[in-house]
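Here is a short tour for you, with the structure alongside. Please keep the view open as you read.

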Amino acid sequence: MTLMKSLMGAAAAVALTAGAALAEPALIFDLGGKFDKSFNEAAHNGASRWAEETGGTYREIEMQSEAQREQALRRFAEAGSNPIITMGFGMADPLAAVAADYPDTTFVVVDVTWLDAPNLRQVGFAEHEGSYLVGMMAAMASKTGTVGFIGGMDVPLIRHFGCGYAQGAKAVNPDINVVANMTGTTPAAWNDPVKGSELTKAQISQGADVVYAAAGGTGVGVLQTAADEGILSIGVDSNQNHLHPGKVLTSMLKRVDVAVYEAMKAGEDVETGVFVMGLSEDGVGYAMDENNAPLVSDDMKAAVDKARQDIIDGNVSVVSYYENDSCPALQF
Amino acid sequence: MEKMPKWADVVLIPIISLLLATILSAIVILAIGENPVEAVNLMVTGALGSTYGWGYTLYYATNFIFTGLAVAVAFHARLFNIGGEGQAMLGGLGVAIVCLSVPWPHWTIALLAACAASMIFGAAWAAIPAYLQAKRGSHIVITTIMFNFIAAAFLNYMLVNVMRPQGSQDPATARFPEAVHLPTFQSMFSSAENIVFRGAPANISFFVAILACIVVWALIWRTRLGYEIRAYGHSETGAVYAGISPVRITIIAMLISGALAGMMAINNVMGEAERLVLNSTEGAGFIGIAVALMGRSHPFGVFLAAILFGFLYQGGAELALWTSIPRELIVVIQALVILFTGALDNMVRMPLEKIFLSFRKGAE
């Protein structure tokens, strides 16, 4: 009897959600999955915040295979979801193929800025500017004159992070040694904390005393090992200062959550076009809270804030790796 | 004497296994507070209930047929090729080079060239482990799995540094030109008023895969080479006594195996993505091992097992789309089906044999 009840209840719930599907937003996570402690999780946080504040509901799916990208876009569009928010550069090509078939649906894509479609909102981030600032802090906090960078998968986006970081470090100390490693060449590199830990130890043995992890879930291992070995680390995407209070120098913030939240809040009428969120839009930045306050001196903070203003005003320009697929400050 | 009739072996055991897996999956789904009937219904109608669902099921199945056949051929020579993943990656590279560098006039010629290129690249990637096994005795399991990692690193290098179009941040090649796009089931089977297989990625390479099944069957059971491969697999010393060269058979079997794995690229690279992306194989090389084991290394068995796995992939995708069942649990459900149909075969077989034996005793 109770089983029957719960069965019928579940069926009713399914029927209800099916009925309310009209103009519900949808969120498509990338292969890393919803709880990657980083990029996708930031999107999840933004969406949950919207759901809590408005009481709204949204559909979501975590990608499991490349062929599902176009499939999920089409199925959600046909089910009436609007806007459809997608994560990551892997969605660029499927969107280019699908967007024109559903002119009444608005698509939002994070980390893509180079497509051309009228019903598409493309949100990019100036990760090199934020990385520049934390690179400066790393160089100022380093006593050995060597700082480390640990990337996730070896793709242009992560080189873009590393390039800004190296430029920032060299702006403070032109002689600084920047050690850079990538975790791997497959998507598994986004979620390999053990490898992240090994790379951190390797970089410590090369003298690094500050490491910056731009590696999704792999970064958890980097931050852990850095804390265990008594050196400083820098988190990425979300504010990760709280993971190891007093051991994480700062975090490079990339406000994916804000991008997702705002797209959901605007709903179907979300503005389309290309939006690059840099320092001036607070799309990227560095994190300060009570966990890292003792680590950051007033001089450091003043220098970084000045650089931030200089970049916004255009007095300092940070070279983007994308401009000519190479980096002036770091060799990959 | 047979313990039970052939039809029971071929039909009854898989069906009972599937039933058990379904029941266990239902308990798992119930435990997290979702409706199992709804879930099974979603999986079945999502994967098999429409031409659209079939289009995805058969697309995945095509990948698994190629990699399953690859493992099966090597298995007949008692070689465990777990490098299908790397060989398929390299096959993709071959397809991409062929499709992008030559202005093909028509897809038929391009398909032939792409088949050849994917076979050559895949076979070449299998050749080194094969040589090391044949001449140096390095174990094929170790070398082929190592070559998967080398393939991933090599492909990453090629896509990030060599083949990526200027300005694109996505590590992938440019799109292949229109002329080499393979006809999908939608364009092949739709009429003006009735559009079937809408948007589904299944394409003509499914028929190439069926052709490959037939060729492999003929090769293994109807040719002298196939006989030598099987003889070597059954007993190396016996084969040597019969004048069969172990070196030659090891290398030839692995070359065929690598070529078949590489051919998967005509489906996922040329047929679906129409460009080469970093993550194009997505573990199909490893699924091929399960497919070959479940299919008892017979091409027809591989074909059926590949369809089952295609159903699980597409059904799982539908579950992920329309329910809040987390994707980890979808993998659990898929694994349960694999476990019951593939690995726990004897659990069903032995009691069933006893039942049939007792029937027979009763009849005597």
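A residue counts as buried if 20 or more other C-beta atoms lie within 10 Å of its own, exposed if 12 or fewer, and partly exposed in between, with C-beta atoms placed from the backbone. This is a predicted model, in which local features need pLDDT of at least 70, side-chain atom pairs count only at pLDDT 80 or more, and totals for chains, interfaces and linings use all residues. Residues are numbered from 1 along each chain as its sequence is written, while chains are lettered from A and ligands numbered from 1 in the order in which they are written. Helices (H or I, at least four residues) and strands (E, at least two) are DSSP runs, numbered from the N terminus.

**Helix α10(A)**
- Exposed residues of α10(A) are Asp298(A), Asp299(A), Ala302(A), Asp305(A) and Asp313(A).
- On the other side, Val304(A), Ala307(A), Arg308(A) and Ile311(A) are buried.
- These buried residues fall within an arc of 105° seen down the axis (taken from the directions from the helix axis to the C-beta atoms), so they line one face of the helix.
- After α10(A) comes Gly314(A), with a positive phi near 90°.

**The sheet**
- Six strands of chain A make an open, parallel sheet in the order β2-β1-β3-β4-β5-β11; strands pair if DSSP finds at least two bridges between them.
- At the edges are β2 (59-62) and β11 (273-277) of chain A, each pairing on one side only.
- Strand β3 (residues 84-87) of chain A is joined by four bridges to β4 (residues 107-110) of chain A, and Ile84(A) stands opposite Phe107(A).
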